[in-house]
Amino acid sequence: MISFILGIAALVLGYFIYGKIAEKVFSINPDAPTPAIRLSDGVDYVAMPVWKTTLIQLLNIAGTGPIFGAIAGALFGPAAFAWIVFGCIFAGAVHDYMVGMLSIRNDGTNISEIVGKYLGKGPRYIMRVFSVVLLIFVGVVFVTTPAQVLRTMFAPDSTNFYYITIAVIIGYYILATMLPIDKLIGRIYPIFGACLIIMAIGITLMMFITGEIRNIPEFAFTNMRPDKGTNIMAHLFPFLFITIACGAISGFHATQSPLMARCVRNEKEGRMVFYGAMILEGIIAMIWAAVTMAHFNHVGVDTAIAAPVIVTKSSVDYMGWIGGILAVFGVVACPITSGDTAFRSARLTIADAIKFDQKPIKNRLLVAIPLFAIGVLLVLFSLSSPKNFSIIWRYFSWSNQTLATIGLWAASAYLAKTGKLYWFTLLPAAFMTVVVTSYFFTAGECLGPFMTKITGNANTTYTVGIIIGLLLSVVLSVLFVNFIGIKQKGSIQE
């Protein structure tokens with residue numbers, strides 16, 4: 001209980017203290033006109049009040065990740081709290097803030113173009129493909145998971161209800177992707193955002209009222225997974241850091257921050273919109289990890305498929321029919337309002353890459369139709385077997401963290417090239433490089449099985465994977481510092 005309360009307090013303090021430091025490191029210019037003012041087009045570049053952009057940003061980034069990921073991460077025990085707190089304050093919120101502010105400084109451009117500007121043409125082309133693939137994965141995941149929650153609540157035995165719900169969600173995604181941002185997203189997101197926050201507060205209060213808050217184990221680095229001795233993917237590092245992405249650090253956010261970068265009215269609003277929304281997501285992740293530990297006897301779930309049951313049962317058990325309604329508006333609306341902006345971001349990423357004007361609706365259709373065609377095919381693939389959905393979820397998780405890592409390296413390059421404190425982002429970039437690399441060489445859906453054939457056993461594969469991750473991180477850090485040292489001998493202007 002104490003570790004949970006201290007974790008929430010640390011996140012709040014992190015916004016006011018470390019968020020202010022992030023703002024100073026970036027060096028905001030409150031007098032500079034933002035893209036929302038300079039490039040207003042009534043479609044994507046639309047100035048909105050800060051309270052609205054903050055709530056929209058929260059819903060953009062807070063899909064099922066901080067809920068389903070935290071529920072799965074609870075399987076590792078209260079170590080999940082430490083990762084959410086430290087990851088959110090020192091990595092995730094820093095990542096979101098830097099990417100969002102860099103987008104503002106570059107006409108609201110997307111993450112692939114930002115990476116290209118500060119890391120080079122090669123990374124730009126890689127990121128264009130990488131980010132669009134990730135966004136499609138996100139869209140697919142956020143079609144099926146809210147449909148699962150609705151089916152669990154209203155028609156657990158009806159397959160037709162499930163398919164109809166999926167069709168309705170996809171139809172909504174098409175509208176949200178095509179319409180001007182203030183016509184649909186700007187009007188309904190604040191309502192859903194308020195429901196999400198009310199649900200989180202309500203569940204937390206009920207944990208105190210029922211006394212179940214005392215069931216939350218206190219912080220320890222001890223791995224509580226029951227299969228930790230037999231399953232290579234039960235190791236705390238790096239698998240906890242991949243399992244809980246949203247709520248700690250998420251590359252998906254790098255694709256979403258440019259949406260609000262085109263709506264922010266002043267650079268001084270960036271801390272609340274980007275850093276603040278990430279802190280709110282971290283608090284949501286803390287709450288759902290705590291609920292899982294308190295209400296389900298410290299047991300998380302090893303697959304995202306079971307998470308809808310936990311979400312629904314917790315909401316109804318704690319708050320009755322009110323909880324059920326809030327679960328619909330919060331946990332269902334939450335992923336839906338990330339899935340629609342995922343497809344919208346994919347459209348803008350492609351349009352920016354090929355310099356294709358998106359003001360005419362026919363141009364938006366030309367980009368969006370192929371995206372939704374691919375998305376529907378992947379949805380059908382995921383529905384054919386629970387195993388297929390798990391595969392898509394794990395690939396989404398790894399690609400998500402990899403994108404965040406690249407975003408941090410790009411922010412480090414920007415800070416270094418403009419004479420700012422680049423260690424601020426370089427340290428989390430180096431850490432996340434170890435995480436995603438070691439995961440890639442050890443996880444079952446990546447090179448884990450191949451490596452095990454070479455090494456002879458899973459334990460050796462795990463050790464080799466960690467060593468490769470550490471070596472790559474050190475080499476990249478040394479090369480980066482040396483390269484920046486060479487560059488800074490000349491004159492570097494922002």
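Q: Why does Tyr18 count as buried?
A: In this predicted model, Tyr18 has 18% relative accessibility, and buried means under 20% relative accessible area (exposed is over 50%, partly exposed in between; 1.4 Å probe, protein chains only), so Tyr18 counts as buried. Local features need pLDDT of at least 70 and side-chain atom pairs count only at pLDDT 80 or more, while totals for chains, interfaces and linings use all residues. Residues are numbered from 1 along each chain as its sequence is written, and side-chain values use heavy atoms, with hydrogens and water left out.

Q: Why is Phe424 called buried?
A: The relative accessible area of Phe424 is 7%, so this residue is buried.

Q: What makes Val12 partly exposed?
A: Val12, placed in helix H1 (residues 2-26), has 36% relative accessibility and therefore counts as partly exposed.

Q: How many aromatic pairs does a search of the whole structure find?
A: The search finds 23 aromatic pairs, where rings of Phe, Tyr and Trp (its six-membered ring) pair if their centres lie within 6.5 Å; planes under 30 degrees apart count as stacked, over 60 as edge-to-face and the rest as tilted.

Q: Why is the pair of Tyr18 and Phe424 called stacked?
A: The ring centres of Tyr18 and Phe424 are 5.0 Å apart and the planes stand at 25°, so the pair is stacked. Tyr18 in helix H1 and Phe424 in helix H16 (residues 423-442) are 406 residues apart.

Q: What makes the pair of Trp83 and Phe241 edge-to-face?
A: The centres of Trp83 and Phe241 are 4.5 Å apart, with 65° between the planes, and the pair is edge-to-face.

Conventions:
Helix = DSSP H or I, 4+ residues; strand = E, 2+ residues; numbered from the N terminus.
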